[in-house]
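Let's take a walk through this one together, from the overall build down to individual side chains. Have the sequence and the 3D view open as you read.

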Amino acid sequence: MEWNDQISLPEFAGGPRQMESVELSAPSSSMIIASSVASQAERMHSQIGQALEQEIRAVPDSGAFTAQARTASVSNRRLGPVVGSSVVPGSESERGAGDDRLRLYLSRPTDEGELRRSMARHLDLVELEDPELEIDPVITGEITALSHNFRLRPAAGGVSVGHSRITAGTLGCLARGRSGDRRDRVLILSNNHVLADENRGSFGDPILQPGDHDSGTAADQIAALERHVRLDFSGGNNVLDCATAWADPTLVRPELFFSEHGKPRYFNVSDQPAPCRTGMPVAKTGRTTGLTQGRIRACNATFQVRFGSRVVVFSKQIEIIGRDGVFSAGGDSGSLIWSDEAARRPVGLLFAGGGGVTFANPIDQVLDALDIDLLTR
């Protein structure tokens, strides 16, 4: 397949001819709490997740119905400023171990008493009327999918990348196919909304480095779109925003990149993922904010997130806050997040944020859904 005047990959000739789109049968938020002895906070979190999904389904989704109108319509009915929730384990609660706390993500500052009364009335969460029940309001604003901005060859993780029709996101890292014709295929990993243009991409579409917003052109193509997990915009539950593109091996490298005092620095992370753990120190390198450090605050977040003119629900997501400032900003979407320790084990794939809070997909689920292994060494 001839991509452009500068890149020719003959091995594509034997590859598939159609877009490989992986459809996940994700559990609804009502299935997230599997234990029969779920805490009070977990039960409320599950109920809020169901309400978020129901409200998305209840609002028409058409090109004429803007994201702002949709969000306002949703907010004015049942959930008010609440755009999501998570559970803070008892071990992190000031009230002691075993006493989980409900965290609420809010689109705007709200009086806590009014918030409790509204949710108790509209969602039948009567427990919230008890002022002794501890909650943790976090002002995120509206959570949005987040959009090094230079050309780098070979391209490394942490730099600008994107489908030719989008602005720019971040190249997370390299990966390798696990099975079939994709076994040992060199791939780049990022978000669906970065590489697959929110489901609109087709197999073989050009992937640019840097992205279009960063002056990328057809001459900057390093890969071709080859697989993505579809985003559900119909009101169903989403867990993953991820995609892969088939890369020219001569144009990419397995290390990650960051800039230190204007000088390029490269480093490796582990190719063995780590499970999410509340309180875990983490780091990432991305197109916009470079190398940053943070801490995981939740492994079970459910919330609404806006993709351009569409609003969807995500569940079982990782919540991260920065250590000494912001952890991410627009354009960092697709960044690989790893444990900030000697092993540097990957934990998540960054895809959204708001109000100083960052959200990521669990990396182990990303790898299984895309049938890939990390190629970071």
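A good place to start is a cluster of charges: Arg101, Arg103, Glu134, Asp136, Arg297 and Glu319 are linked in a network of salt bridges. Keep in mind that what you're looking at is a predicted model. That network belongs to a bigger tally, since the structure has 21 salt bridges in total.

Before going through more of those pairs, let's step back to the whole chain. Its secondary structure comes to five helices and 23 strands. Of its 377 residues, 57% are buried. The accessible surface is about 14800 Å², and carbon and sulfur atoms account for 46% of that.

Back to the charges, with Arg178 as our next stop. Which residues does Arg178 meet in salt bridges? One is Asp368, with the closest N and O atoms 3.1 Å apart. Asp368 sits in helix H5 (residues 363-370), while Arg178 is in the loop between strand E9 (173-177) and strand E10 (186-190), so this salt bridge ties together parts that are 190 residues apart in sequence. Another is Asp373, where the N to O distance is 2.9 Å. This second pair also links distant parts of the chain: Asp373 belongs to strand E23 (residues 372-375), and it is 195 residues away from Arg178 in the loop between E9 and E10.

How much of this trio can a probe reach? Asp368 is exposed, at 53% relative accessible area. Arg178 comes out as partly exposed at 25%, and Asp373 is likewise partly exposed, at 38%.

The loop between E9 and E10 has another arginine to look at. Arg185 forms a salt bridge with Glu226, at 2.6 Å from N to O. Glu226 is in strand E12 (residues 221-229) and Arg185 is in that loop, so the pair ties together parts that are 41 residues apart in sequence. Are these two side chains buried or exposed? Arg185 is buried, and so is Glu226.

Now find Gly204, in the loop between helix H4 (192-195) and strand E11 (206-208). Gly204 has a relative accessible area of 17%, so it counts as buried, the cut-off being under 20%. Setting aside neighbours within four places in sequence, Gly204 is in contact with Ala224 and Leu225. As for Ala223, which is 19 residues from Gly204 along the chain, the two C-alpha atoms are 8.4 Å apart.

On to the cysteines. How many disulfides does a search of the whole structure find? It finds one, and that one joins Cys276 to Cys299, with the sulfurs 2.0 Å apart. The link is left-handed, with -80 degrees about the S-S bond. Cys276 lies in the loop between strand E16 (263-267) and strand E17 (281-286), and Cys299 lies in strand E18 (residues 290-307), so the disulfide ties together parts that are 23 residues apart in sequence. Both ends can be reached to some degree: Cys276 is partly exposed at 27% relative accessibility, and Cys299 is partly exposed at 26%. Compare two other cysteines: Cys173 is buried, at 1%, and Cys242 is buried too, at 0%.

Let's finish with a couple of helices. Helix H1 runs over residues 40-58. Do its ends sit where you'd expect, or not, and what is the span? At 1.5 Å a residue, its 19 residues should span 27 Å, and the end C-alpha atoms are indeed 27 Å apart, which agrees. Plenty of names turn up if you list the buried residues of H1, among them Ala41, Met44, His45, Ile48, Leu52 and Ile56. The list also includes the charged side chains of Glu53 and Glu55.

Helix H3 (residues 112-122) is worth following from one end to the other. At its N-terminal end, Asp111 acts as the cap, with a side-chain oxygen 3.1 Å from the backbone nitrogen of Gly113. Within H3, the buried residues are Leu115, Arg116, Ser118, Met119 and Ala120. After the helix comes Asp124, whose phi is positive, near 60 degrees.

Definitions and conventions
Residues are numbered from 1 along each chain as its sequence is written. This is a predicted model: local features need pLDDT of at least 70, side-chain atom pairs count only at pLDDT 80 or more; totals for chains, interfaces and linings use all residues. Side-chain values use heavy atoms; hydrogens and water are left out. A salt bridge is a side-chain nitrogen of Lys or Arg within 4 Å of a carboxyl oxygen of Asp or Glu. Helices (H or I, at least four residues) and strands (E, at least two) are DSSP runs, numbered from the N terminus. Buried means under 20% relative accessible area, exposed over 50%, partly exposed in between (1.4 Å probe, protein chains only). Contact means heavy atoms within 4.5 Å. A disulfide is a pair of cysteine sulfur atoms within 2.5 Å. Accessible areas come from the Shrake-Rupley method with a 1.4 Å probe; for residues, only the protein chains shown count as cover. A polar contact is a pair of N or O atoms within 3.5 Å; within protein, one must be able to donate a hydrogen and the other to accept it, and residues adjacent in sequence count only if both atoms are side-chain atoms. The expected span of a helix is 1.5 Å times one less than its number of residues.
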